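User: Please examine the structure shown below and answer a series of questions on its side-chain pairs, sheet and core.

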Amino acid sequence: METSERVGRYVRMVAVEGQGTELAAALLRVADGMSVQPGCLAYVVNAAPDEPDTVWVTEVWSDPAASEAALNRDIGEAGLGAVLELLAAPPEYIEVTPLGGPGLP
């Protein structure tokens, strides 16, 4: 696979004050569903140790089509409705091109 085909994304989400743990739990449920999403190479939910209401998601997709298919899933089907209810502001996205390393094919 060409490394340039891969799509990566860091997503920063800030929960309503005091709801960081609930946001992380909701995102872990989303991650369970992503495990069967075609082209999902990684969907990792991360806590920010110095920001208890901030959760980061690290995504790696095999190609742009797989990423788009996941982004276009029904919000309810993906479990994102619960996530959206917990957000204090819209998510912030950083798009990257994964080049390689342990854990990537």
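Analyst: A salt bridge is here a side-chain nitrogen of Lys or Arg within 4 Å of a carboxyl oxygen of Asp or Glu. The model under discussion is predicted.

User: How many salt bridges does the structure hold, and which residues are joined into one network by salt bridges that share partners?

Analyst: The structure holds four salt bridges. Glu-59 and Arg-9 meet in one of them, at 2.7 Å from N to O. Glu-95 also forms a salt bridge with Arg-9, with the closest N and O atoms 3.0 Å apart. The count is therefore four, and the network that arises from shared partners consists of Arg-9, Glu-59 and Glu-95.

User: How many residues apart in sequence are the parts that the pair of Glu-59 and Arg-9 ties together?

Analyst: The side chains of Glu-59 and Arg-9 form a salt bridge. Glu-59 belongs to strand β3 (residues 54-61) and Arg-9 to strand β1 (residues 7-14), so the parts tied together are separated in sequence by 50 residues.

User: Is Arg-9 buried or exposed, and what is its relative accessible area?

Analyst: A residue counts as buried under 20% relative accessible area. Both Arg-9 and its partner Glu-59 are buried. For Arg-9, the relative accessible area is 4%.

User: Which residue of β4 stands opposite Arg-12, and is that residue buried, partly exposed or exposed?

Analyst: Strands β1 and β4 pair in the antiparallel sense over five bridges. Within this pairing, Arg-12 stands opposite Glu-92, and the two residues also form a salt bridge with closest N and O atoms 3.0 Å apart. Arg-12 counts as buried at 18% relative accessibility. The residue opposite is Glu-92, and its relative accessible area of 45% makes Glu-92 partly exposed.

User: What is the order of the strands in the sheet, and which strands stand at the edges?

Analyst: The sheet is open, has four strands with antiparallel pairing, and follows the order β2-β3-β1-β4. Two of these strands have a single partner strand each, so one side of each lacks a neighbour in the sheet; these edge strands are β2 and β4.

User: Which helices pack on the sheet, and what angle does the direction of each make with a strand?

Analyst: Helix α1 touches β1, β2 and β3, and its direction makes about 170 degrees with that of β2. Helix α2 packs on the sheet through β1 and β3; its direction and that of β1 make an angle of about 30 degrees. The helices asked for are α1, at about 170 degrees to β2, and α2, at about 30 degrees to β1.

User: Which residues touch the most other members of the largest nonpolar core, and which element gives the most to this core?

Analyst: The largest nonpolar core has 21 residues, and Met-13, Leu-23, Leu-27 and Tyr-43 touch the most other members. Elements that give two or more residues are β1, α1 (20-34), β2 (40-47), β3, α2 (64-71) and α4 (80-86). With six residues, the element that gives the most is α1.

User: Where is Gln-37 found, and which residues does Gln-37 touch beyond four places away in sequence?

Analyst: Gln-37 is found in the loop between α1 and β2. Its relative accessible area is 14%, so Gln-37 is buried. Beyond four places away in sequence, the residues that Gln-37 touches are Trp-61, Ala-69, Ala-70 and Arg-73.

Note on methods. Residues numbered from 1 in each chain as written. Predicted model: local features only at pLDDT ≥ 70, side-chain atom pairs only at ≥ 80, totals over all residues. Heavy atoms only, no water. Buried < 20%, exposed > 50% of the residue type's maximum accessible area, 1.4 Å probe, protein only. Core = buried A, V, L, I, M, F, W, Y, C linked by side-chain atoms within 4.5 Å. Pairing = 2+ DSSP bridges. Contact = heavy atoms within 4.5 Å. Axes fitted to C-alpha atoms, helices over the stretch in contact; angles between N-to-C directions.
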